[in-house]
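Take a moment to turn the model around on the screen. Where is there empty space, and where is the protein packed?

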Amino acid sequence: MADFDIVGLGEALIEFNQTRRGEPQYLQGYGGDTSNAVIAAARQGARCAYLTRVGGDAFGEQILQLWRTEGVDTSGVRVDEQAHTGVYFVQHGADGHVFSYLRRDSAASRMQPADLDSGLLERTRYLHVSGISLAISASACDTAFAAIERTRGAGGQLSLDSNLRLRLWPVARARAILREALSMADLFLPSMDDLRHLTGHTDPDRTLDWIRAAGAPGVVVLKLGKDGAIVDDGRERRVVPGVAVQAVDATGAGDCFAGNLLARRCAGDDWLAAVRYANTAAALSTTGYGAVDPLPRPAAVQARLHAGQAGPA
């Protein structure tokens, strides 16, 4: 058996999340898509580790302490004394949340393939990377592909979240690199919002057709936001409805979905059960502010699942 269920690779950041729309009041927390996903999975009992660089600053030490507190192995994290830890701000408005980043030349963007020598990749069931992992810099992209090669060479599987951020790279480059990555993914987690920029389609079935034509060989779970998800296992497509909640902040909801889905698959759930669980966890994560603090524990997810089976509250 592998020592780890999930190893994430990418960038962790310090988060400042606006708690009152239009007012300069911010709650300090943590973010970074693959880091959020790994923490979400660890809270569900998965054995997790993370690969990245953090800055040799107070923010980097805070993030390291966060992972330790959450039970995430940090033996693959390097401290870069010559770079800063990334920061982002979340502001809330009538059209949803807006992100502003201070991440240029961050420690994580300076990752190199040589940073992968911790041995974690040879001991995990899943490597989880994202479009952001591939986009923050050329060296980070090279590192992600080197990690994919090492993981698959050791018998592990690739989980890829599209997480398209067009402020990080041009759409043509994003399309080319994501197509290459998804062609190796055992699990691809695109969202309709992301894929419409790559495909021009707004119809889920046409989007899934494009993904298959692009070479996706594994299971595809197309995220539909509050409307749930579609599971495409290559033979059939099944819709898993969303879960209605009183949402206040959707920051990190997709990452919560990814982490919970992977955790439940590692625990033995079939795909539909794992997606139902992930839908519920992601919905619950939107009822609080920030990407990490609202990530639910198993008791909360199970309670909501049981309440849903019993009928409307």
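The tour below goes from open space to packed core, then to three strands and a few backbone turns. Keep in mind that this is a predicted model.

Start with the empty space. Rolling a probe the size of a water molecule over the atoms shows where empty space is left. Here the largest pocket holds about 1400 Å³ of space. It has 46 lining residues. To find its centre, look for His97, Asp193, Ala250, Ala253 and Gly254, the closest of the lining residues to that point. Several elements each give two or more residues to this lining. They are helix H1 (33-43), strand E7 (96-102), helix H6 (192-199), helix H8 (253-266) and helix H9 (271-285). Which element gives the largest share? The answer is H6, with 5 residues. The lining is chemically mixed: 19 of its residues are nonpolar, 14 polar and 13 charged.

Now look for enclosed space. There is 1 cavity of 30 Å³ or more. About 60 Å³ of space lies in the largest cavity. Its lining includes Glu15, Asn17, Leu27 and Gln28. Tyr289, Gly290, Ala291, Val292 and Asp293 are also among the residues that line the largest cavity. Two strands give two or more residues each to this lining: strand E2 (13-18) and strand E3 (26-31). The largest share comes from E3, with 4 residues. By type, the lining of the largest cavity splits into 5 nonpolar, 4 polar and 2 charged residues.

Next, the packed parts. In soluble globular proteins, nonpolar side chains tend to be buried together. In this model, the largest nonpolar core has 50 residues. Inside this core, Trp67, Val221, Phe257 and Leu261 have the most contacts. H9 gives the core its largest share, 9 residues. A second, separate core has 45 residues, including Phe4, Leu121, Ala185 and Ala216.

Zoom in on leucine 261. What does it touch, leaving aside its neighbours within four places in sequence? Its contacts are Leu187, Leu189, Val221, Trp271, Ala274, Val275 and Ala278. One of these, Val221, is also among the residues with the most contacts inside the largest core.

Val221 leads to strand E11, which spans residues 219-223. All 5 of the 5 residues in E11 are buried. In a regular strand the side chains alternate between the two faces of the sheet. In E11, both faces are covered. Val219, Val221 and Lys223 are buried on one side, and Val220 and Leu222 are buried on the other.

What lies beside E11? Strand E10 (residues 187-189) pairs with E11 in the parallel sense, over 2 bridges. Within this pairing, leucine 187 has valine 219 as its bridge partner in E11. Strand E12 (residues 228-232) also pairs with E11, but in the antiparallel sense and over 4 bridges. Here lysine 223 stands opposite alanine 229, and valine 221 stands opposite valine 231. The hairpin of E11 and E12 has 4 residues between the strands. In this hairpin, glycine 225 takes a positive phi near 65 degrees.

Is E12 enclosed or open? It is largely enclosed by the rest of the structure, because 5 of its 5 residues are buried. On one side, the buried residues are Gly228, Ile230 and Asp232. On the other, they are Ala229 and Val231.

E12 also pairs with strand E13 (residues 237-241), in the antiparallel sense over 5 bridges. Glycine 228 has proline 241 in E13 as its bridge partner. The hairpin of E12 and E13 has 4 residues between the strands. Glycine 234 in this hairpin takes a positive phi near 95 degrees.

Finish with two residues other than glycine that have a positive phi. Aspartate 105 has a phi near 60 degrees. It lies in the loop between E7 and strand E8 (124-130). Is aspartate 105 buried or exposed? It counts as exposed, because its relative accessibility is 55% and the cut-off for exposed is over 50%.

Asparagine 163 has a phi near 30 degrees. Its place is the loop between strand E9 (157-161) and helix H5 (171-182). Asparagine 163 counts as buried, because its relative accessibility is 9% and buried means under 20%.

Notes: Residues numbered from 1 in each chain as written. Predicted model: local features only at pLDDT ≥ 70, side-chain atom pairs only at ≥ 80, totals over all residues. Heavy atoms only, no water. 1 Å grid on protein atoms, 1.4 Å probe; cavity = no way out; pocket = protein on both sides within 12 Å on 5 of 7 lines; lining within 4 Å. Points joined across faces, edges and corners; volume = space filled by probe spheres on them. Nonpolar A, V, L, I, M, F, W, Y, C, P; charged D, E, K, R; others polar. Core = buried A, V, L, I, M, F, W, Y, C linked by side-chain atoms within 4.5 Å. Buried < 20%, exposed > 50% of the residue type's maximum accessible area, 1.4 Å probe, protein only. Contact = heavy atoms within 4.5 Å. Pairing = 2+ DSSP bridges.
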